[in-house]
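Please find below a short note on the fold and on one part of the surface. The points are meant to be read with the structure open.

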Amino acid sequence: MTFASLLPPGSTALQKALERVGSEMLDIPVLVRAVKSADESPLQFLPWLAWERSLDNWSSDWSEAIRRERVRQAIPIARRKGTAASVRAVVQSFGGSVALREWWQMEPKGVPHTFDLVLNLEQKGAPASAAFVDQVIAEVSRAKPVRSHFTFTQGVNVEADVGLIATVRPTLFARLSCTAPAA
């Protein structure tokens, strides 16, 4: 095996032998792109990747899909921090949906720098736990504009079938003709 030596030309034979042995021992294939990717990184490296991307909150209780999505969305959320778009992105990174209405969109107009937040955080058809909702609200508080305050409402998805029930009732209509009596 040939390799580029990092030693100076006047190195001893022992130093050259140690360099050769060390280079063979450390010749471990590491796919840096895979480790730095939220999709391909091994699960045990995700907390370190989250720390590198400055995620404010991390929990090993989250599902793998949520953890990967939080890491994937960390930089775009940080770029838009302090906007309504960042609040929406935070909720979506937790796998939820959000309806956000700012004070100027309300009828009548609301208190300046406030907004209403309706979150739907169902996980696999079941309502989210209170602890999970608290974590999402804490992240929303970090992503929202600092001067803004919000009212939180938790939404629920309900599915139902709508059927059409009709009955036929025969009806007879008669045309009445009325005339005024002659005076």
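1. Two strands are taken to pair if DSSP finds at least two bridges between them. The model is predicted. In it, strand β2 (residues 114-120) pairs with β3 in the parallel sense, over 6 bridges. One residue pair can be named: Asp116 has Thr151 in β3 as its bridge partner.

2. The sheet as a whole is open and has 3 strands, in the order β1-β2-β3, and its pairing is mixed. The edge positions belong to β1 (97-102) and β3 (149-154); each has a single partner strand, so one side of each is left without a neighbour in the sheet. On average, neighbouring strands are turned by 20 degrees against each other, direction ignored.

3. Two helices should be viewed together with the sheet. Helix α5 (residues 84-93) packs on the sheet and touches β1 and β2. The direction of α5 makes about 160 degrees with that of β1. Helix α6 (residues 130-143) lies across β2 and β3, and runs at about 155 degrees to β3.

4. Elsewhere, which residues form a nonpolar patch on the surface? They are Val21, Met25 and Leu26, and together they have about 360 Å² of accessible area.

5. Leu26 of this patch sits in the loop between α1 (13-25) and α2 (32-36). Is Leu26 buried or exposed? Its relative accessibility is 69%. The cut-off for exposed is over 50%, so Leu26 counts as exposed.

Key
Residues are numbered from 1 along each chain as its sequence is written. This is a predicted model: local features need pLDDT of at least 70, side-chain atom pairs count only at pLDDT 80 or more; totals for chains, interfaces and linings use all residues. Side-chain values use heavy atoms; hydrogens and water are left out. Patches are made of residues with over 30% relative accessible area and no salt bridge: like charges are joined within 9 Å, nonpolar side chains (Val, Leu, Ile, Met, Phe, Trp, Tyr) within 5 Å. Accessible areas come from the Shrake-Rupley method with a 1.4 Å probe; for residues, only the protein chains shown count as cover. A salt bridge is a side-chain nitrogen of Lys or Arg within 4 Å of a carboxyl oxygen of Asp or Glu. Helices (H or I, at least four residues) and strands (E, at least two) are DSSP runs, numbered from the N terminus. Buried means under 20% relative accessible area, exposed over 50%, partly exposed in between (1.4 Å probe, protein chains only). Axes are lines fitted to C-alpha atoms, for helices over the stretch in contact, and angles run from 0 to 180 degrees between N-to-C directions. Contact means heavy atoms within 4.5 Å.
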